[in-house]
Amino acid sequence: MLSANQVALAYLIASVFFILALKGLSSPLTSRRGNLFGMIGMAIAVATTLTLTQNWVLIIGGIVVGGAIGAVVAR
């Protein structure tokens, strides 16, 4: 289990990556790097949230519902 300070630090690092992603996505030359920063930030945020959660049913349900909606919209 993570302490409150570790959680805050992880979310802070994720937010820095999100800011770098927005900066990188502002130019076609740096968009690949910006996309990578966004993926890293989201991975950190999701991993941190998953370590904190107690209710896995809601998370799995959200993944199933969101995936179904995304699949329908993508087609």
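## A buried threonine and a nonpolar patch

At just 5% relative accessibility, T48 counts as buried, because anything under 20% falls in that class. Keep in mind that the whole picture comes from a predicted model. T48 is part of helix α2, and there is a polar partner for its side chain: a polar atom there lies 2.8 Å from the backbone oxygen of I44. Leaving out residues up to four places away in sequence, T48 touches L2, V7, A10 and Y11.

**Following L2**

Pick L2 from that list of contacts and have a look at where it comes from. L2 belongs to the segment before α1, the helix that covers 4-24. What does L2 touch, once residues up to four places away in sequence are set aside? The partners are V7, T48 and T51. With T51 there is a long jump in sequence: L2 and T51 are 49 residues apart along the chain, yet 7.5 Å separates their C-alpha atoms. For V46 and A4, which are 42 residues apart along the chain, the C-alpha separation is 16 Å.

Is L2 buried or partly exposed? L2 counts as partly exposed, because its relative accessibility is 34%, and the class in between runs from the 20% limit for buried to the 50% limit for exposed.

Here are the accessibility values side by side, with two more residues of α2 added:

| Residue | Place | Relative accessibility | Class |
|---|---|---|---|
| T48 | helix α2 | 5% | buried |
| L2 | segment before α1 (4-24) | 34% | partly exposed |
| V46 | helix α2 | 39% | partly exposed |
| L50 | helix α2 | 31% | partly exposed |

**The patch**

V46 and L50 lead us to the surface. Both of them help make a nonpolar surface patch of about 540 Å², together with M42, W56, I60 and V64. Which elements give two or more residues to the nonpolar patch? They are α2 (31-52) and α3 (56-74). L50 can be part of it because patch residues need over 30% relative accessible area, and L50 comes in at 31%. V46, at 39%, is partly exposed too.

**The chain as a whole**

Now step back from single residues. The chain has 3 helices and 0 strands, so reading along the sequence simply gives α-α-α. How does the overall spread look? The radius of gyration is 15 Å, whereas a compact globule of 75 residues would have one near 11 Å. Taken along the principal axes, the C-alpha atoms fill a box of roughly 40 × 40 × 10 Å.

T48 belongs to a small club here: buried residues make up 13% of the 75 residues in the chain. The accessible surface comes to about 5,700 Å², and 74% of that belongs to carbon and sulfur atoms. As for who meets whom, take the contacts between residues at least 6 apart in sequence: 50% of them join residues at least 24 apart. The touch between L2 and T51, 49 residues apart along the chain, is one example.

Key:
Residues numbered from 1 in each chain as written. Predicted model: local features only at pLDDT ≥ 70, side-chain atom pairs only at ≥ 80, totals over all residues. Heavy atoms only, no water. Patch = residues over 30% accessible without salt bridge, like charges linked within 9 Å, V, L, I, M, F, W, Y side chains within 5 Å. Areas by Shrake-Rupley, 256 points an atom, 1.4 Å probe, with all protein chains shown as cover. Salt bridge = Lys/Arg side-chain N within 4 Å of Asp/Glu carboxyl O. Helix = DSSP H or I, 4+ residues; strand = E, 2+ residues; numbered from the N terminus. Buried < 20%, exposed > 50% of the residue type's maximum accessible area, 1.4 Å probe, protein only. Polar contact = N/O pair within 3.5 Å; in protein donor to acceptor, adjacent residues only side chain to side chain. Contact = heavy atoms within 4.5 Å. Rg over C-alpha atoms; globule rule 2.2 N^0.38 Å.
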